[in-house]
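Grab your viewer and work through these exercises with the model open. Each one gives a task, then a solution in steps.

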Amino acid sequence: MKLIVLAAGYATRLYPLTLNQPKPLLEVAGKPMMEHVLDNLMPIDEIDEIFIVTNAKFVGHFERWAEQYTTGHKVRPIKIINDGSTDDSNKLGAIGDMNLVIEQAKIDHEIVVVGGDNPFSENLEAFGDYCRAHQAPVTGVYDVGDLNEIKKYNSIEIDDNDRITYFEEKPAQPKSTLTGIALYYYPKPVLPLIKQYISEGNNPDQPGRLVQWLYPRTAFYVWRVPGLWFDVGSKETLEEANRIFSGLK
């Protein structure tokens with residue numbers, strides 16, 4: 001199983017903090033927020049290689065970080081992929097970056113895809129168990145508990161088997177407070193569909209758009225993320241994540 005970490009954004013809403021530092025490497029509770037993501041995924045033993053996709057501006061930052069990071073009890077090689085973008089005007093988008101890594105690294109295995117700027121508070125080993133049992137696409141979900149708040153993300157409805165029956169990115173009239181987050185599992189048979197999505201000229205940006213496109217075509221399941229999850233998109237959410245994660249130590 002290959003892990004793809006999405007880390008190619010420019011996080012302009014966090015300027016000046018992200019002018020010279022990529023958002024995933026900003027500290028939360030004393031360590032880069034991306035380590036809160038990776039440390040909680042490392043218990044999934046099937047993960048044997050990590051690909052971090054970033055941009056031309058920050059590739060050096062991630063290479064220096066990777067020299068220091070340890071992947072737990074099992075050594076997993078870390079490869080930094082430069083998507084060649086230099087700012088928001090020529091970025092590939094999250095789905096474009098995912099497809100780039102699959103093609104450039106010639107990945108022909110199941111993949112887990114995660115946002116490098118979405119820290120988790122709990123061990124995600126059970127996510128690996130769930131994906132292994134289903135052998136179908138899975139997205140992590142989190143209940144934000146507020147229909148107004150959900151408008152910033154996406155809205156999901158599911159059936160009694162936790163299969164997605166409705167998904168809308170940035171809904172104007174959300175139907176539930178359950179949102180899909182940047183944590184995905186795609187088995188090997190789905191990889192050609194990711195390529196098809198891109199080749200047809202669909203929006204390559206928010207990764208949830210791929211879920212919206214895929215769920216009518218193939219069974220797509222949800223897994224409820226335990227503990228706390230943060231989508232760090234502003235100075236306020238960064239400060240809140242830092243305060244809450246510091247309290248969990």
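**Exercise 1: one helix and its two faces**

Task: find what the buried residues of helix 5 pack against.

Solution. The buried residues of helix 5 pack against helix 3, strand 6 (111-115), strand 10 and helix 6 (208-214), with contact meaning heavy atoms within 4.5 Å. Helices (H or I, at least four residues) and strands (E, at least two) are DSSP runs, numbered from the N terminus. Before going on, note that this is a predicted model: local features need pLDDT of at least 70, side-chain atom pairs count only at pLDDT 80 or more, and totals for chains, interfaces and linings use all residues. Residues are numbered from 1 along each chain as its sequence is written, and side-chain values use heavy atoms, leaving out hydrogens and water.

Next, pick out the buried ones: in helix 5 (residues 191-199) they are Leu 191, Ile 194 and Tyr 197. Buried is under 20% relative accessible area, exposed over 50%, partly exposed in between (1.4 Å probe, protein chains only). These three span an arc of only 110 degrees around the axis, so they sit on the same side of helix 5; the arc is taken from the directions from the helix axis to the C-beta atoms. Now flip to the face turned away: there you'll find the exposed residues Pro 192 and Ser 199. Just past the end of helix 5, Gly 201 has a positive phi of about 85 degrees.

**Exercise 2: Lys 23**

Task: is Lys 23 buried or exposed, and which side chain does its own side chain make a polar contact with?

Solution. Start in the loop between strand 1 (2-6) and strand 2 (27-28), where Lys 23 sits. Its relative accessible area is 13%, so Lys 23 is buried. Its side chain makes a polar contact with that of Asp 117 at 2.8 Å (a pair of N or O atoms within 3.5 Å; within protein, one must be able to donate a hydrogen and the other to accept it, and residues adjacent in sequence count only if both atoms are side-chain atoms). Skipping neighbours within four places in sequence, Lys 23 also has contacts that include Ala 11, Met 33 and Val 232.

**Exercise 3: the largest pocket**

Task: which element gives the most to the lining of the largest pocket?

Solution. Strand 10 does, with 5 residues. Helix 3 (94-104) and strand 10 (178-186) each supply at least two. The lining residues divide into 15 nonpolar, 13 polar and 12 charged (Ala, Val, Leu, Ile, Met, Phe, Trp, Tyr, Cys and Pro count as nonpolar, Asp, Glu, Lys and Arg as charged, and the others, Gly among them, as polar). On a 1 Å grid over the protein atoms alone, a pocket is an open set of points where a 1.4 Å probe fits, with protein on both sides within 12 Å along at least five of seven lines; lining residues have an atom within 4 Å of a point.
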